[in-house]
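Subject: Handover of a structure and notes on its features

Dear colleague,

Please find below the structure that I am handing over to you. My notes on what was found in it follow directly after it.

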Amino acid sequence: MPGTETKEAVTVVGAGLVGSLLAMYLARRGYSVEVLERRPDMRREVIDAGRSINLAISTRGLHALRQVGLEAEALKHAIPMRGRMIHSAKGELAYQPYGKDDSQHINSLSRAWLNKFLMTEAEATGRVRIRFKQRVTHVDFETGSLTVHDDATGETRREEGRVLFGTDGSGSAVRQEMDRVPGFTASQEQLGHGYKELTIPAGPGGAFQMEKHALHIWPRGTYMLIALPNEDGSFTCTLFLPWKGPVSFESLDTPARLEAFFQEQFPDAKALIPDLVDAFFSRPTGSMVTVKCAPWRVGGRTLVLGDAAHAIVPFFGQGMNCGFEDCVVLDGLLGRQGRWEDVFADFERLRKTNADAIADMAVENFIEMRDSTGSPRFLLEKAVEKTLLNAFPGEFVSRYTLVSFSRVPYRLAYEVGAIAGGIVSELSEGLTRAEDVNLERAGQLIRGRLVPFMKEH
Ligand code: FAD
């Protein structure tokens, strides 16, 4: 453990994915960490009805796990997804690799497994104590004291002031308390879409009923279905649908309407989801929000990070990856041993612009996944992009590659991606096959626009 000297005690609110990993990083720096978590201990009690929900972890998230020695174990439980498998309404399949080759892939991992693993590893440092059923309801930024409701006993108590990290997710109580601090601003933009999780069970003998190593997408304009593989052979599907409108959660209000809709739009998926009606009507509908706020800190006492500071919509698969990267950046600053106030100020300066960039890219990717992934022009542009990635290694890069397979700041990925996208679009004009792309012209554009920009930054 790097910090063997024992330092002060600090408090983390929320033992979700980011809070648990952060606790581990802080413990390794020598802090004694008390984590207050609203939920029961999911290692002992079944929560979320025991459903299997997964998420995609990529280079940034894996790097954060590697720094604390957890990557190898996590990868044992992950399923590589090497590309998108697009399902048309007729059930035809089109495959688009994510990167220049199979080494560039994202990974499907069980959210519950990862959270339990991180909590256990954090506690194993000997410096982290996670207290469950402890809901923070009020923060006094003058004294730093907390009001905590103990959901097990029904009692409310005050806890002494310590340095406080708010990792309590998109609806963060800590962030809401910061609303009272002069100069604090926050915006929450709800997406007009909700989501519902459904399950494609494993086939006989635990067999995967669709391609295992892909993220499956059924893009349909204003709505879409996606599916990620699980270790046990099942897939977790997520249906993204507007809340209101002609095809929406509001309009699919009877089993007959739901079944007819799936039969028309997702017939191949419908055939693989035996409990469609039950699951759709019994499971909760989730909402998605982009949260932007500033500042992320109150002096040297409180810092919000992860979704509490910057919740984003899930369409780039980066919310957790970004929160894990927060932990790496904070850890680097702690390594320089500054005052908390300086560490927090530097953290915000380094991260805020990048969190804003991935928030915007996630919304743009939603539009791309929903509207375009099925269109011939999109497929052509993706193929041209892949040709350029292979033909100009080290010179041509795509936004997706930079976000998912590199650790360059998200802001830079955003800007470089815009230039790269423009080049692909220009080269695709009038083409019907990616093989016919004019490589000489491509070289001129890449060396004229992209390479100088990257050198400058
Ligand atoms: P959370 O995971 O929300 O954890 C917050 C914790 O704080 C919880 O344990 C909660 O119980 C606790 N808490 C809340 N309030 C209090 C309180 N008052 N007192 C005490 N404890 C409290 N990200 C990816 O990187 N890849 C993906 O593929 C991906 N897919 C997603 C799919 C969907 C449908 C959604 C909605 C999100 C997805 N994300 C993905 C985003 C990812 O889930 C979040 O970014 C991530 O969970 C953020 O972690 P967190 O620890 O900041 O917040």
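The side chains of R44 and D41 are joined by a polar contact of 2.2 Å. Please note that this distance, like every other value in this message, comes from a predicted model. R44 belongs to the loop that connects β2 (32–36) with β3. Is R44 buried or exposed? With a relative accessible area of 67%, R44 counts as exposed, because the cut-off for that class is over 50%. R44 and E121 are separated by 77 residues in sequence, and their C-alpha atoms are 16 Å apart in space.

The strand at the end of that loop, β3, belongs to a sheet. This open sheet has three strands in the order β3-β7-β4, and their pairing is antiparallel. β3 and β4 (79–81) are the edge strands, each of which pairs on one side only. From one strand to the next, the twist averages 35°. Four bridges link β3 to strand β7 (residues 106–110) in the antiparallel sense, and within this pair N54 is placed opposite S110 of β7.

A second open sheet, also described here strand by strand, has the order β9-β10-β11. It consists of three strands with antiparallel pairing. Which strands stand at its edges? They are β9 (134–139) and β11 (156–159); each has a single partner strand, so one side of each has no neighbour in the sheet. The twist in this sheet averages 30° from one strand to the next.

The pairing of β9 with strand β10 (residues 146–150) is antiparallel and runs over five bridges. In this pair, H138 faces T147 of β10, and Q134 stands opposite D150 of the same strand β10. The hairpin of β9 and β10 has six residues between the strands, and G144 in that hairpin adopts a positive phi near 80°.

On the other pairing of β10, four bridges join it to β11, and the two strands run antiparallel. L146 is found opposite E159 of β11. These two strands also form a hairpin, with five residues between them, and G154 in the turn has a positive phi of about 80°.

How many of the residues of β10 are buried? Five of the five are, so β10 is largely enclosed by the rest of the structure. Both of its faces are covered: on one side the buried residues are L146, V148 and D150, and on the other they are T147 and H149.

I turn next to the ligand. There are 30 residues around the ligand, and those that come nearest are E37, R39, A56, R111 and D307. Two of these have polar side-chain atoms placed by oxygen atoms of the ligand: for E37 the distance is 2.6 Å, and for D307 it is 2.8 Å, to an N or O atom of the side chain. V18 takes part through its backbone, with an N or O atom 2.9 Å from an oxygen atom of the ligand. On its own the ligand has 1,000 Å² of accessible area, of which the protein covers 88%. Two or more residues of the surrounding shell come from each of α1 (17–28), β3, β9 and α10 (319–334). Sorted by class, the shell comprises 12 nonpolar, 11 polar and seven charged residues. The strands β3 and β9, which contribute to this shell, are thus also members of the two sheets described above, β3 in the order β3-β7-β4 and β9 in the order β9-β10-β11.

Two further places deserve mention. The first is H193, which is located in strand β13 (residues 185–200). Is H193 buried or exposed? Its relative accessible area is 9%, and H193 is therefore buried, since the limit for that class is under 20%. The side chain of H193 reaches the backbone oxygen of T222 at a distance of 2.6 Å.

The second is helix α2 (residues 59–67). Its buried residues are R60, G61, L62, H63, A64 and L65. After α2 comes G69, which has a positive phi near 75°.

With kind regards

Conventions: Residues numbered from 1 in each chain as written. Predicted model: local features only at pLDDT ≥ 70, side-chain atom pairs only at ≥ 80, totals over all residues. Heavy atoms only, no water. Pairing = 2+ DSSP bridges. Axes fitted to C-alpha atoms, helices over the stretch in contact; angles between N-to-C directions. Near = heavy atom within 4 Å. Polar contact = N/O pair within 3.5 Å; in protein donor to acceptor, adjacent residues only side chain to side chain. Areas by Shrake-Rupley, 256 points an atom, 1.4 Å probe, with all protein chains shown as cover. Nonpolar A, V, L, I, M, F, W, Y, C, P; charged D, E, K, R; others polar. Buried < 20%, exposed > 50% of the residue type's maximum accessible area, 1.4 Å probe, protein only.
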